[in-house]
Amino acid sequence: MRTLIIGDVHGCLDELQELLARCRQTPDDRVVLVGDLVAKGPDSVGVVRWARQGGIAAVLGNHDAHVLRAHHGESDVRPRHRAIAEALAPADLAWLEALPLWLRLDDAGTETPHVVVHGGLVAGVALERQEREHLLNLRSITPDGRPSKRLDGTPWAALWPGPEHVVFGHDAVRGLQRHPFATGLDSGCVYGRELTALVLPAGELVSVPAARAYAAISR
Ligand SMILES: [Mn+2]
């Protein structure tokens, strides 16, 4: 069995299907999404429906979490997240709501176990005790050692000591990251760059180009 871990899709359903074709997906393959299935791109609803109907595994991303907050009537939500919450079917919302913040893959055929998370992990903190804020939004460790969601310091993944190999998304500005114990898969598809899969147990990266830029990247 192969495991295909796929970077931030952001509604790019066509590119997602192209990527799976390029990976020569078979029914035996397990597909895992690193979160941010929705927002910014052309077909957020289609991606969630596809994932639910296909029995796809995924972790929650910060944009997915914003959609759920909109669904629950919270007021400080952007119109684009509210619109997605209103467009999703009840079954899709329930599926999104049930997504975990991280997934541990002990059966991917690799020597080291793999963990999938959208944002990141803080070294020295057990997986079960990581803060939701970091799991969804972490990007950096600042020079004075603070976890940060901005690009101010070292990518957290460069400092992650293992032993688990962490596969994550959420950092399209830095793009693909390959560290000894972490792989960053957000290659910026929705910004007109690429959608990328990590194929296990081989450890190979497979990418397809975006059909176009659907959103402008903000630094
Ligand atoms: Mn994100």
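This report walks through the metal site, main pocket, backbone details, salt bridges and aromatic pairs of a predicted model.

## The manganese site

A good place to start is the metal. Four protein donors surround the manganese ion: Asp36 through OD, Asn62 through OD1, His118 through NE2 and His170 through ND1. Their distances to the ion run from 2.1 to 2.2 Å. Read along the chain, the donors give the spacing D-x25-N-x55-H-x51-H. The site brings together distant parts of the chain, with Asp36 in the loop between β2 and α2 and His170 in the loop between β9 and β10 (177-179), a separation of 134 residues.

Are Asp36 and His170 buried or exposed? Both of these donors are buried. For Asp36 the relative accessibility is 2%, which is why it counts as buried: the limit is under 20%.

## The largest pocket

The largest pocket has a volume of about 820 Å³. Its lining is made up of 32 residues, and those nearest the centre are Lys40, Asn62, His63, Arg139 and His170. Two of these names will be familiar from the metal site, where Asn62 and His170 are donors of the manganese ion.

Which helices contribute to the lining? At least two residues each come from α3 (62-71), α4 (79-87) and α6 (132-137). Helix α3 gives the largest share, with five residues. By residue type, the lining holds 14 charged, 10 nonpolar and eight polar residues.

## Backbone details worth a look

Two cis peptide bonds can be picked out in the model. One joins Gly162 and Pro163, with omega at about 5°, and Pro163 sits in the loop between α7 (156-159) and β9 (165-168). Another runs from Leu200 to Pro201, where omega is near 10°. Pro201 belongs to the loop between β12 (194-200) and β13 (204-209).

Positive phi angles also deserve a moment. His10, although not a glycine, has a positive phi of about 45°. This residue lies in the loop between β1 (3-6) and α1 (13-22). With a relative accessibility of 4%, His10 counts as buried.

Asp36 returns here as well: its phi is near 60°, again a positive value in a residue other than glycine. Its loop runs between β2 (30-33) and α2 (44-53). The residue that carries this positive phi is thus also one of the donors of the manganese ion.

## Salt bridges

How many salt bridges does a search of the whole structure find? The count is nine. As background, side chains of opposite charge can pair when their charged atoms come close.

One of the bridges pairs Asp107 with Arg30, at 3.0 Å from N to O. This pair connects distant parts of the chain: Arg30 is in strand β2, while Asp107 is in the loop between β4 (102-105) and β5 (114-117), 77 residues apart. Asp107 has a relative accessible area of 47%, so it is classed as partly exposed.

Asp106 forms a salt bridge with Arg104, and the closest N and O atoms are 3.1 Å apart. Here Asp106 is exposed, with a relative accessible area of 55%, whereas Arg104 is partly exposed at 37%.

Glu74 forms a salt bridge with Arg69, the closest N and O atoms lying 3.3 Å apart. Glu74 is partly exposed, with a relative accessible area of 36%. There is a wider arrangement here too, since a network of salt bridges links Arg69, Glu74 and Asp76.

## Aromatic pairs

Finally, the rings. The model contains two aromatic pairs. Trp156 and Trp160 form an edge-to-face pair, with 6.4 Å from centre to centre and 75° between the planes. The angle explains the label, because planes over 60 degrees apart count as edge-to-face.

Trp156 and Trp160 are both buried. Ring pairs also bring in Phe168, so that Trp156, Trp160 and Phe168 make up a cluster.

Technical notes: Residues are numbered from 1 along each chain as its sequence is written. This is a predicted model: local features need pLDDT of at least 70, side-chain atom pairs count only at pLDDT 80 or more; totals for chains, interfaces and linings use all residues. Side-chain values use heavy atoms; hydrogens and water are left out. On a 1 Å grid over the protein atoms alone, a cavity is a set of points where a 1.4 Å probe fits but cannot get out, and a pocket is an open set with protein on both sides within 12 Å along at least five of seven lines; lining residues have an atom within 4 Å of a point. Grid points are joined across faces, edges and corners, and a volume is the space filled by probe spheres set on the points. Helices (H or I, at least four residues) and strands (E, at least two) are DSSP runs, numbered from the N terminus. Ala, Val, Leu, Ile, Met, Phe, Trp, Tyr, Cys and Pro count as nonpolar, Asp, Glu, Lys and Arg as charged, and the others, Gly among them, as polar. Buried means under 20% relative accessible area, exposed over 50%, partly exposed in between (1.4 Å probe, protein chains only). A salt bridge is a side-chain nitrogen of Lys or Arg within 4 Å of a carboxyl oxygen of Asp or Glu. Donors are N, O and S atoms within 2.8 Å of the metal (3.2 Å for Na, K and Ca); water is not among the atoms, so sites may look incomplete. Rings of Phe, Tyr and Trp (its six-membered ring) pair if their centres lie within 6.5 Å; planes under 30 degrees apart count as stacked, over 60 as edge-to-face and the rest as tilted.
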